[in-house]
Amino acid sequence: MSNKVFMKGCEAIAEAAVRAGCRFYAGYPITPQNEIPEYMARRLPQVGGAFVQGESEVASINMVYGAGAGGTRSMTSSSSVGISLKSEGISYCAGAKVPMVYVNMQRGGPGVGTIQAAQQDYFQATKASGNGGFRMIVLAPSTVQEAVDMTYQAFDLAERDRSPVLILGDGVIGTIMEPVVLPEMKSDEEVAALKAKNREWAIVGHGRDEKRGYIQPGYWSNDMQEQHCRNLEAMYERWEQNDVQVEELFLEDAEMVFVAYGTSARIAKNALEMLRAEGHKVGMIRPKTLYPFPSKAFDHINYDTCKCVLDIEMSIPAQMVYDVRMAVKGRCPVDTCLRSGGNLIERDNILGKAREILTGGAN
Amino acid sequence: MELNLMVAGFGGQGVMMIGKLLSQATCDSTDYNVTFYPSYGAQQRGGTANCYVVISDREVGSPKPNIVDQLIVMNDVSMVKFRTNVQSGGIIFTNSSLVKSGAERDDVAVVPIPVTEMAMELGSLKVLNIVMLGAYIGYTGLIDENLVLDCILRLLGKKPEFIELNKKAFAMGLDAGKKVKAA
């Protein structure tokens, strides 16, 4: 492990993006993700990229919309309330099929919320990231290493589908330092080749006889718009078939199954290890993609032994629990274990709730 | 193996740097998983600052544990606020120049090191955190002292005029920590 480095989540994400070929970043400062633009401001000029601190979130996302439309691997990031401001532009990217990657380091609650870590933006991330009913692949890293690997992959996914991809983190993933192995740096030639491939659709200045690039966030004809929506729907269905990422632990004999993502999941996994050491048969489903949601993993639960599926989130009220219930399909009770407001979920919160259910029978 | 450490004090005392150096040295010299989590918020010079280091041979769960094995307190306020967060059998390292309150419990070991005075003896308050890091390593022997020193010089060695000062501060702390341990 000689090539591991000790890096802060935000900086590691930014470096992974550069290595994946990101050459444009625009953003506006907000805690807890300021180290992403700070790092990009220093790093992008070194690789011939461009960094812009926009005058606002709205300006920044529209710069990314423009850069992405030009076929350059582009990125922005913000936190909760800042993402709300960007949602119109994100919807434009989705509607016009402009690839781009963005990061949301979530905070605790509606409005300005608190600046500490929480998971209050699940609905926003997976159900309505802007107007128009579009979806995106939403990646939810649980460690800095995973944040790096997911960021690297996100640019490929975004370009493959010509669609925005969201990395959904929180203040913990953004601010902790952990050992990490960084992915390979794409060479200037590789980055240029990737951009050249986008020429078939990107607005790069085509010759008179060439098929021109055309980026449009809507259609004048209802039938064309309807067809566009059908095409997007077909893409979302392909994601559900091919792009689900999930970690499943001990589902075959579990009396209780934890469901948690991101920071909550690493704490839940810790609680699971303790409970199993005590002889409690606890399993776990950790969605790594929140959309497409790993519904099929819930078919791997043994419902003859499972008394309860426990949804663990740093959100009050619970949000992911709706997807969990849809996937459990009434085969066993679903309960919740929640913290929020910037208070991290504690291992003892999970242990307490789990022991109560395991020893007292299902609710 | 899992070790949870919290470092707390005033902003400006180099609290974050203690945690950062310790976790960086762990990352560089061992195969353990390690996390460094700086508490963030409306901190400023003179306000409170704290950070957490978790070192484990398994995946690290919470990088901000509510109960810790070891606590380093650089000022009195932090002692009073966090002394109950230490696991029974744990250790509290105190900057005894400023920490006048006791642990008020007898199930933890207290290691008093007057780092503010020691740093003043060296001629610069800036290195009080390095004195404390030395004392911590001297007492616990958690990581090879040379590896920690390498790490200090790498991260803080950009200004050559401070290299000697940091070396002296670390050695002074190391010695003090070892003495308390031997006593």
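**Exercise 1. Find the two domains of chain A and see how they meet.**

Let's start with the split: the domain assignment of chain A gives domain 1 (4-198) and domain 2 (246-360). Keep in mind that this is a predicted model.

Step 1. How far apart are the C-alpha centres of domain 1 and domain 2 of chain A? They lie 28 Å apart.

Step 2. Now count the residues in the contact: domain 1 of chain A gives 27 residues, and domain 2 of chain A gives 21 residues.

Step 3. On the domain 1 side, look for elements that supply at least two residues each: these are helix H5 (122-126), strand E6 (137-139), strand E7 (164-170) and helix H7 (171-175) of chain A. H5(A) has the largest share of that side, with four residues.

Step 4. Sort the residues of domain 1 of chain A that touch domain 2 of chain A by type, and you get 14 nonpolar, ten polar and three charged.

**Exercise 2. Work out the order of the strands in a sheet of chain A, then place the helices.**

Step 1. Trace the open sheet of five strands in chain A, and the order reads E9-E11-E10-E13-E14, with mixed pairing.

Step 2. Why is one side of strand E9 (246-249) and of strand E14 (334-338) of chain A left without a neighbour in the sheet? Both stand at the edges and each has a single partner strand, so one side of each has no neighbour there. From one strand to the next, the twist averages 20 degrees.

Step 3. Zoom in on one pair. Strand E10 (residues 256-259) and strand E11 (residues 282-287) of chain A pair in the parallel sense, over four bridges. Within this part of the sheet, A:Val257 stands opposite A:Gly283 in E11(A).

Step 4. Add the helices. Helix H10 (residues 262-277) of chain A lies across E9, E10, E11 and strand E13 (308-313) of chain A, and runs at about 165 degrees to E11(A). Helix H11 (residues 321-328) of chain A also packs on the sheet, where it touches E10, E13 and E14 of chain A. The direction of H11 makes about 160 degrees with that of E14(A).

**Exercise 3. Decide whether A:Ser295 is buried, exposed or in between.**

Step 1. Locate the residue: A:Ser295 sits in the loop between strand E12 (289-291) and E13 of chain A.

Step 2. Count its surroundings. A:Ser295 has 17 other C-beta atoms within 10 Å. Buried would take 20 or more and exposed 12 or fewer, so A:Ser295 is partly exposed.

Step 3. Check for partners from elsewhere in the chain. Leaving aside neighbours within four places in sequence, A:Ser295 is in contact with A:Met326 and A:Ala327. The C-alpha atoms of A:Ser295 and A:Val324 are separated by 7.6 Å, although these residues are 29 residues apart along the chain.

**Exercise 4. Describe the chain B side of the contact with chain A.**

Step 1. Count both sides: chain B gives 18 residues and chain A gives 19 residues.

Step 2. Which elements of chain B give two or more residues to this side? They are helix H1 (15-29) and strand E2 (33-38) of chain B. E2(B) brings the largest share, five residues.

Step 3. Sort the residues of chain B that touch chain A: eight are nonpolar, seven polar and three charged.

**Exercise 5. Pick out the best-connected members of the largest nonpolar core.**

Step 1. Among the 161 residues of this core, A:Ile13, B:Val131 and B:Met132 touch the most other members. Domain 1 (4-198) and domain 2 (246-360) of chain A each contribute at least three residues to this core.

Step 2. List what B:Val131 touches, not counting residues up to four places away in sequence: B:Val115, B:Met118, B:Ala119, B:Ala169, B:Met172 and B:Gly173.

How values were computed. Residues numbered from 1 in each chain as written. Chains lettered and ligands numbered in written order. Predicted model: local features only at pLDDT ≥ 70, side-chain atom pairs only at ≥ 80, totals over all residues. Pairing = 2+ DSSP bridges. Axes fitted to C-alpha atoms, helices over the stretch in contact; angles between N-to-C directions. Contact = placed C-beta atoms within 7 Å. Nonpolar A, V, L, I, M, F, W, Y, C, P; charged D, E, K, R; others polar. Core = buried A, V, L, I, M, F, W, Y, C linked by C-beta atoms within 7 Å. Domains from an automatic or database assignment.
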